[in-house]
Amino acid sequence: MLVVLMPYASLIPMPTIAAILFIVAYNMCGWRTFVHLSKTAPKSDIAVLVVSFVLTVCFDLVVAIGVGIVLACILLMKRMADEATLTGWKYFDQDTDPDDIEYKKVPLQVRVYEISGPMFFGASDLISQMSLKDFTKVLVIRMRSVPALDATAMHSLEVLYERCKRHGVILVFSHVNEQPMRTMKKAGFYDMIGEENFCPHIDDALNRAEELCK
């Protein structure tokens, strides 16, 4: 049908075609969604939206999509890096802390740090924040909330291992997930630490640390 009617398209007045194209463009622009996102979205998302819009108008859609994807990827990596946190366990006094029933017993020579969130290049500097005391013999790292580990974070762990080795401190890991474990084995880090120092649960890791302190 389209092939048959195509020759008659030249008979349609140009103002009519212009009006049709104007209505189609208006319906496709989604200005209501644009305004809503500009009011409710995070500032970083608004920046990507505005940049993509300006590039579409000034250049073309291909350039806008390419730049928009790159900006979105950078923002995604930054947000994931911001989600990563490092928490050090604190010692408590049984005589003064009324809520000590929820805490686990940790020997004085043992320091425990828990990492949460994906460990990418933006969050790898958290590892360097782990501190060691003069009397520290074992450093326990709990990684149950670390779903992913990249090469940069892996290198930071290797630097931490060398620092611990110089100070005579043994590293013990608790609950390392599948992807980080694969990365550690591929880098040879698993063999450096030793299979016996990778524990499935924090209780096992603390028992292992207590054995090493004897």
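A residue is called buried when its relative accessible area is under 20%, exposed when that value is over 50%, and partly exposed in between. With these limits in hand, the salt bridges of this predicted model can be placed in their surroundings, and a search of the whole structure finds 4 of them.

One of these joins Glu 114 to Arg 142, whose closest N and O atoms are 3.4 Å apart. Because Glu 114 belongs to strand β2 (residues 110-116) and Arg 142 to strand β3 (residues 138-145), this pair ties together parts of the chain that are 28 residues apart in sequence. Glu 114 counts as buried, since its relative accessibility is 12%, and Arg 142 is likewise buried, with a relative accessible area of 12%. The contact also belongs to a wider arrangement, for Glu 114, Arg 142 and Arg 144 are linked in a network of salt bridges.

The helices offer further pairs. In helix α7 (residues 178-186), Glu 178 and Arg 182 stand 4 residues apart, which is about one turn of the helix, and their side chains meet in a salt bridge with an N to O distance of 3.3 Å. Glu 178 is exposed, its relative accessible area being 62%, whereas Arg 182, at 47% relative accessibility, falls into the partly exposed class.

Helix α9 (residues 202-213) holds both Arg 208 and Glu 211, which are 3 residues apart, again about one turn of the helix. Glu 211 forms a salt bridge with Arg 208, and the closest N and O atoms of this pair lie 3.8 Å apart. With a relative accessible area of 49%, Glu 211 is partly exposed, because the exposed class begins only over 50%.

Definitions and conventions:
Residues are numbered from 1 along each chain as its sequence is written. This is a predicted model: local features need pLDDT of at least 70, side-chain atom pairs count only at pLDDT 80 or more; totals for chains, interfaces and linings use all residues. Side-chain values use heavy atoms; hydrogens and water are left out. Helices (H or I, at least four residues) and strands (E, at least two) are DSSP runs, numbered from the N terminus. Buried means under 20% relative accessible area, exposed over 50%, partly exposed in between (1.4 Å probe, protein chains only).
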